[in-house]
Amino acid sequence: MTQTLDNMKIDPKTGSRERPGEIGHLKHQFLWCFLTITLVTMGVSIALMIELGSGPRLTDAVNPGNTVDFLAALRWRIVLGAVLVVIASGVVFLFLHARIGRPMEKMAAAAGRMAEGCLGATIPDHPPNEIGQIGASVNGLAVNFQEVLILVWNQTEDAITKIRRTTRQMTPGCDEHVSPDIMVDLNSAQQDLETMQMMVRSFDLYDVVINEGDVLTAKRAADTIN
Amino acid sequence: MGKTILIVDDSSIMRKMIKETLKSAGHDVIGEAKNGSDAVTLYKTLDPELVTMDITMRGMDGFEAARQILSGDREACIIFLSNLDEAQYSQEAKQIGAKGYLNKHRSKDILTLIEQL
């Protein structure tokens, strides 16, 4: 079994990573929000029902002398109950906004930059729920994508160097047995590789710069330019 | 005989590729770290015989992690595996005290390098 610092289990067959017991945080958070609002609403309803009371109190309230006082008291109870429900809803809203809304806004902004090719954009990997996990996974996807792009760059750079060397050796006049078709194919292959390199160059890579064919860290590239 | 190895790379795909290459030669990958600070901590915990180290990583980079590992264990055996230009960075890797520097697109050469160590 391979160990990682974040105590993730790594499936030896698929290589997929899973942190035990972490799935379901968002479900628990939604459940707590639902229970909070339900309990407050039920508490207010029960308080009002107790205030209304059963038969004798209602009979007293119907008495013309008591009705005004009873309704005034009831009105204040209803207002107080409504205020409590609004406060509970506000707390739940703020909690959900902090745990889901704000991280989603940041995630959408960073994911948008990534979709435009800016692989240096980082999605926050917190809070510790499924939203944070999505952030960490999208960051991982960007890292893997950058790795593939740089690998493509290095492989194409090697291949172009080899094609140029071969082309120089096969220049007409140097070797009369070379078919013109081979030169056309080599030129075509070189153009295809250069097109792939253009595609790689269209991305903004994280902490890495392609400078005159070499892959350098951004700091080293800046030092080279200066 | 296979060595116990810690792989340090921020790319999960790269870690998987390196792991498969090393396992095919009978080596035992005992740990994986996705940044430099995790690598330093895991090195102390696992005490591997060899570390394959990427350079560019979010958080602590590979050079800094290697410096910290080597400051705690002068005998640590670290091989840099990076996409960065070999001519520009292999000298720095050597100065730090690494046993080698390989470009990732020739990562299978690591098996030959390990045999030579």
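**Exercise 1.** By class, how many nonpolar, polar and charged residues does the lining of the largest cavity have?

*Solution.* The structure is a predicted model.

Step 1. Establish which cavities are counted. With a threshold of 30 Å³ or more, the count comes to 2 cavities. The volume of the largest cavity is about 140 Å³.

Step 2. Identify the lining. It consists of 17 residues. Those nearest the centre of the cavity are A:Q146, A:E147, A:I150, B:D10 and B:T56.

Step 3. Sort the lining by class. The result is 8 nonpolar, 4 polar and 5 charged residues.

**Exercise 2.** Determine which element gives the most to the lining of the largest cavity, and place this element within the chain A fold.

*Solution.*

Step 1. The element is helix α4 of chain A, which spans residues 130–169 and supplies 5 residues to the lining.

Step 2. Chain A contains 6 helices and 4 strands. Along the sequence, these elements follow the order β-β-α-α-α-α-α-β-β-α.

**Exercise 3.** Describe the burial, contacts and accessible surface of chain A.

*Solution.*

Step 1. Begin with burial, for which the cut-off is under 20% relative accessible area. Of the 226 residues in chain A, 29% count as buried.

Step 2. Consider the contacts in chain A with a separation of 6 or more: 56% of them involve residues 24 or more positions apart.

Step 3. Finally, the accessible surface of chain A amounts to about 14700 Å². Carbon and sulfur atoms account for 64% of that surface.

How values were computed: Residues numbered from 1 in each chain as written. Chains lettered and ligands numbered in written order. Predicted model: local features only at pLDDT ≥ 70, side-chain atom pairs only at ≥ 80, totals over all residues. Heavy atoms only, no water. 1 Å grid on protein atoms, 1.4 Å probe; cavity = no way out; pocket = protein on both sides within 12 Å on 5 of 7 lines; lining within 4 Å. Points joined across faces, edges and corners; volume = space filled by probe spheres on them. Helix = DSSP H or I, 4+ residues; strand = E, 2+ residues; numbered from the N terminus. Nonpolar A, V, L, I, M, F, W, Y, C, P; charged D, E, K, R; others polar. Buried < 20%, exposed > 50% of the residue type's maximum accessible area, 1.4 Å probe, protein only. Contact = heavy atoms within 4.5 Å. Areas by Shrake-Rupley, 256 points an atom, 1.4 Å probe, with all protein chains shown as cover.
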